[in-house]
Each structure stands twice: as C-alpha cells, then as structure tokens.
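Work through the exercises below with the structure in view. Try each task before reading its solution.

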Amino acid sequence: MGTPVQSIAVQAPGNQGLNTEMSPFQASQDFALRADNTVIDAVGRLSSREAFADWFTRTDITEPYDIVRMESLDDGTVFGIAALGRTVMNTSRAPSGMGDSVHYDLGLADYTSYVGVRIDGDVVSEVPSIRPANGIANCQLVPFKDAIYVFSKGEAPMVFDGTTGTKLSDAANYLPPENDDGVIAAELNGDVACAAYGRLWVSGVDDDYNTIYYSDLLIPEQWYDGKGTPTDGQNTAGIINVSEYWPNGDDRIQGIAAHNGFLVIFGRKSILIYSGAQGDPAGEDGLKLEDAIRDVGLINQDAMCNVGTDHLFVDYLGVRALGRVIQEKSTPMAEPSMNVATEIRDLIYGNVETVRMFTLPRHSLALCLFPDIQEAFVFQLGQPSVSGGLRVTRWTGCDFFDSVTASVGDGFKSLLAGRNGRGVCRYKDYDQPTSYNVVYESPVINATGNQMSTVMPKSMSFSFVSNKQDNFRAIWGFGSNMSYSQKVKTKATASDSEFQTSHVAMRSSGEMLRVGFDVEITGEPISIQQISINAQAGRVIV
C-alpha cells in the first residue's frame, strides 16, 4: 500500500540569504543554496534586486570610456576617473547615442589611459588636467573639505575643486615634508590615502609603504615641518614610521582608515590600531599604538568600506568586520561572509588585485565586487542571519566598477560607474537594457522525516508578490542535480491583488529533493512568499 501524499509549506523561503556552507542533511529552508540577483526586502522576503538602469552615457568625451572610480562633493557634483582604451564592435549592446562601437568585457588591464571627469546632473565632461598615469589599481580618490584629492602612485597629488583640476603642489602656500637637511619628499606621490580627523594621510610616497605622512589640521597644503626653527610654529603635520611595529615582523601598508576614534593601518597580514589621531598626533596625548593584530590583513587598497557602525574589509579568508577583529584581537571565529566562506575565498584568491568593496547606503547594502567576472556578493547591513554571518546574496551581470551616493537633482541617488560603454548608471527600479534573471534554489526539502528516503513529488505551487510575471519557470531536482524545469502560467489570487500563484505538476523521484524557480525580470519586481509541495514518500534507502 502506498504512503499518503504529504503537503509541505515553506514560508518565506531563503529569507536568511545564501548559505553554501551548511550540511545538506541539516539544511534550513530559511537559507538558499542559490539566490542570484536578489536582496532581502523590508518584510524579510527574498526579492529581486533593483536594476542597473541607464541614466546617461556621455556628452563631450571624444572617445568611448568606462568610469572606474567615483566620489561626490556635498553640492552633488560627482568626480570620477574614466578609463579610455580599445573598442570592440558589438551592435546588439550599444547604448542609445553610442553608435556601434563600444567597450565590451574589458578588464582594467585592457585600458590605455585615464582621465578625470566631472559629473554634474546628467552632464559628463573631462577634467583634462587630472590624468592618473600609473593605472587605476594604484590610484585613490579622497574627499576632503570641499575638494576631491587624487593620489596616484609616482605622481603629484591632484585636486578637483568642483570645476577644475590642479596639482596640490601648485597651491600658493604648499609646504612639502622637510627638515633641516632639506626637502624629504618634493611630492606626496603615494597611492594609499584617506581623510580622517581633519587631516590627509598618505603612504607609498617614493615607494615607501612603511611610512605615513599626515597634513596639518584642515590645511592639506601644509606637510611635515621638521626644521629646528619651524617655518610655521602652528603646523602640526608629521610623519609616522610603522616598520618596527608589524606583529609578524615584516609587512607593508595596504590601507588607512578611521573607525570609532582610532586610526587603523592595514597591512597585508596584520593591522595596527592607533589612538590619539583626533588631536595633535605628535603632542603629549597624541598617537599611541593600542594594538597590533596578526594574521588578518587587507588584500588591496580598494577592498574596504565604512558602513557607519563598522568597517568591512577583504582579506584572504573572506569579508571581515573591523569591530569584530578588534574585539577578538585575532583571526575572528565568525565574519560577515561566513555563510559563503568557501566560494568567496576561491574568488578572492583568483582576483587579488581587482576585488573591491563599497556600499549602497540608501539600500543598506555592501558589495564585494569581482569586476573581472562581473559578479558580486551582496551583504545586507543590519540584522545578521541566524548563523551569525550577514545575510548575503549574489548578483550577476555587474557591468559597473564603483558606486557613489550623490545629491543629484530631485534627491539622493545611487549612481554606478558603468562599464561596457554605459556611462553613468543608477541602481533604481527594475528596467535595464538587458534583462536579468532571479534564480532561487532551496536546500534539501525534508519531505519524509528521513533525508535519504525516496521522494516522489507530485506538484508544486508558488505564491509571490508581483504585479505581473509571465516568464516564471519552476525548477526541481535531487541532490546537486537540478535537472527538471517547466515554464508555468501565473494568475492573481484576486482581481485587485498583487499576489500571484503558479502551479506545476512534477515528475520523477529520487533522494534529497530540492526546488526553486527562475524568472526573467523585465520591469516588474518579484518577492517570494511561499512554496508548497505535495510529495509521496517511497521506501527508505538502507
């Protein structure tokens, strides 16, 4: 006699995001084994991400370009670095007004030159006096006071004041680092820099990544005055040498950041934490080394971002939270990326120089972007998952290099530094030039109380929130083999309801049943509410 058909309802499937580290025999339906192009919405449902939408392409830039870095000023003006280089014919993907010749799948190494650009409203124009010459991987944009400072390896710092670009050393009151023996560094030509506690901090000057130069308080043109009789007795700029303080004995500065009143110096395999940066760093209550943490470091200078309550960064083992590292003073037992640890580590090792970290603060998201493969792990800030790591999903088709939130026109906008000739894009709504697919796959469904019993699924229905979806495809399979799919029609539960349902008859049988769906997004969002499965149990596998 056959066993009765059982009904299994999964509420808000995948609401805790991806977890590729859990055992298939102890899987929770709150997690997903695949969650492409999704976020967790305000009520805790797995939902489609917003679009990488066209905003505008270009105006007076004379050759195709991709924007690879962006920062904004308080007045809404955005400054960026545009990468120029070869073009590839691709008529099917040419944005409006761009003709047939656009960049296509270029890596950073394929570009030939870089130029500063001013993005004001929907106008992009060149700032020709700012041209980083030594590659975008060796360049940082630092907003400070009412300007953006461009620190590029081996070059004099450049300054964008909202309209034009100049060299920092061209300022009338410029004072380079010097002592009684003369000028120590004629130009602050390092590429690791930040603005913190009213000063600019820069390392890599003359290729020295164990020394940090910091400017005078609120005077970025004034640097270390180490003369016996100072030129300016009020100058509090200075120099820090950290070479003797690395806990592993040898390291190099990869990044500088401010967090929770501390100055944080990231090495490749260690972190130095200094207090006293908020006053006179060289004064009586000045800089003091509070801690030196070993076996945790920063993989490259672009792989970190401040998220307000914490500072996230990427090392070889994944995405770390600085607050947790300081608390434990060692390699943390848990980290934001713990739910996808194996996958993200493999990607980090393959993209050491190019992995990036930045935020979309209006959406409470932090992105760990791998631009070479145009994919990102996206972390939901705030409430962590039940496992301890941040809730995380994966985005594909990420045809952008950077992001900035700027006050533009009618309010704050999340802008994306577009690639493949796309100019400036926006993270907004659900319509973009090429459609994208939301894909969800569940962990193993415990249909019988024994994961290794044969399951014969009969039917499956989905309940989701959307105004309209005509391209919904149900998928299912057993173990790692998701081999069955069927496009299904959907219908509203009521004439005026946004709730949709779909129903599909299922076939085949096997052990470790898994289900999911694949839906093409073409302008309408979707949030999954519930999955219901009718299944019959077979004999137990001995």
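**Exercise 1.** Find the accessible surface of the chain and the share that belongs to carbon and sulfur atoms.

*Solution.* The accessible surface is about 21800 Å² (Shrake-Rupley method, 1.4 Å probe). Carbon and sulfur atoms hold 45% of that surface. This is a predicted model: local features need pLDDT of at least 70, side-chain atom pairs count only at pLDDT 80 or more, and totals for chains, interfaces and linings use all residues. Residues are numbered from 1 along each chain as its sequence is written, and side-chain values use heavy atoms, with hydrogens and water left out.

**Exercise 2.** State how many helices and strands the chain has, and what share of its residues is buried.

*Solution.* Count the DSSP runs: helices are H or I of at least four residues, strands E of at least two, numbered from the N terminus. The chain has 2 helices and 44 strands. Next, take burial (under 20% relative accessible area; exposed is over 50%, partly exposed in between; 1.4 Å probe, protein chains only). Of the 542 residues, 56% are buried.

**Exercise 3.** Place Ile475 and decide: buried or exposed?

*Solution.* Start with the strand: Ile475 sits in β39, residues 472-478. Its relative accessible area is 10%, so Ile475 is buried. Now list contacts (heavy atoms within 4.5 Å). Leaving out residues up to four places away in sequence, Ile475 touches several residues, among them Tyr440, Met460, Tyr484 and Phe517. Finally, take a distance: the C-alpha atoms of Ile475 and Met506 are 9.5 Å apart, with their positions 31 residues apart along the chain.

**Exercise 4.** Locate Asp161 and classify its exposure.

*Solution.* Asp161 lies in the loop between β14 (158-160) and β15 (165-167). At 45% relative accessible area, Asp161 is partly exposed.
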